[in-house]
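Welcome to a short set of exercises on reading a protein structure. Take a look at the sequence and the 3D view, then work through each task before you read its solution.

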Amino acid sequence: MRNRTVRRSRSRAGATALAGTVVLAVVVTAGVATAGTEAETGDVAQRTHAEKQVAGTPCSVSARACVDLESQRAWLITDGEITRGPVPITSGGAGQETPTGHSFRVYRKEADHRSGEFESPDGGPAPMPWSVFFADGGIAFHGGDRDRASAGCVKLDLDQARAFYDDLQVGDRVQVLNASTERAEREKLAAT
């Protein structure tokens, strides 16, 4: 009788853990999907399209960091003026695209971050130097090999990653956009 009770407890614990993992995966996935979709069509996007655009970028004056996924370039912005950029980037690859949005916020910085998901060629955790995290799922600006697509992050050359790390602060607004989509949305707004 005791063995059956122990087995049932372990089964229930395993099922509960599995259900929790599935729920967490759905919430994380939904959060990333929502960030990209909502941000492009929601109230936040409409308010952002009504703001003045920073000349030479697809982003608005409220951004501190701007990423254009189409041109694979990024900028740092202060008070509506470009302070660095455009600098070349590499964004996420197929199936692991970098999420788009108008109102991401820097929520953490870590100078010597190591990936918990990916390994380096030597089998250790992959380095992500000068990480500035801004979107759900551990999406960050960081230094790395720009010849390889990222798993959703925005990779920069090391000197540029260090500059983004030094300049951006927790709470700063990050916009990750496609310039042609922004242009079309701003033209629609201007026509109304």
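**Exercise 1.** Is C153 buried or exposed?

*Solution.* Keep in mind that this is a predicted model. Step one is the cut-off: a residue counts as buried when its relative accessible area is under 20%. Step two is the value: C153 has a relative accessible area of 8%. C153 is therefore buried.

**Exercise 2.** Find H142 and describe its surroundings: which strand holds H142, and what is H142 in contact with beyond its neighbours within four places in sequence?

*Solution.* Start with the location: H142 sits in strand β7, which spans residues 139-143. Next, check the exposure: with a relative accessible area of 7%, H142 is buried. Finally, list the contacts, leaving aside neighbours within four places in sequence: they include M128, P129, W130 and S131. C153 from Exercise 1 is also among them, as are V154, K155, L156 and A161.

**Exercise 3.** How many disulfides does a search of the whole structure find, and which residues does the disulfide join?

*Solution.* First, recall the idea: a disulfide is a covalent bond between the sulfur atoms of two cysteines. The search of the whole structure turns up one disulfide. The bond links C59 with C66, with an S to S distance of 2.1 Å. Now look at the handedness: the torsion about the S-S bond of C59 and C66 is about 80°, so this disulfide is right-handed. Last, check the exposure: C59 and C66 are both buried.

**Exercise 4.** Follow C66 into the sheet: what is its bridge partner in β9, and in what order do the strands of the open sheet stand?

*Solution.* Begin with the residue: C66 has Q175 as its bridge partner in β9. Then widen the view to the strands: β1 (residues 65-68) and β9 (residues 173-177) run parallel and are joined by four bridges. Now place them in the open sheet, where five strands with mixed pairing take the order β3-β2-β1-β9-β4. At the edges stand β3 (81-88) and β4 (101-105); each has a single partner strand, so one side of each has no neighbour in the sheet. From one strand to the next, the twist averages 20°.

**Exercise 5.** Step back to the whole chain: how many helices and strands does the chain have, and what share of the residues is buried?

*Solution.* Count the elements first: the chain has four helices and nine strands. Then turn to burial: of the 192 residues in the chain, 40% are buried.

Terms used:
Residues numbered from 1 in each chain as written. Predicted model: local features only at pLDDT ≥ 70, side-chain atom pairs only at ≥ 80, totals over all residues. Heavy atoms only, no water. Helix = DSSP H or I, 4+ residues; strand = E, 2+ residues; numbered from the N terminus. Buried < 20%, exposed > 50% of the residue type's maximum accessible area, 1.4 Å probe, protein only. Pairing = 2+ DSSP bridges. Axes fitted to C-alpha atoms, helices over the stretch in contact; angles between N-to-C directions. Disulfide = S-S within 2.5 Å. Contact = heavy atoms within 4.5 Å.
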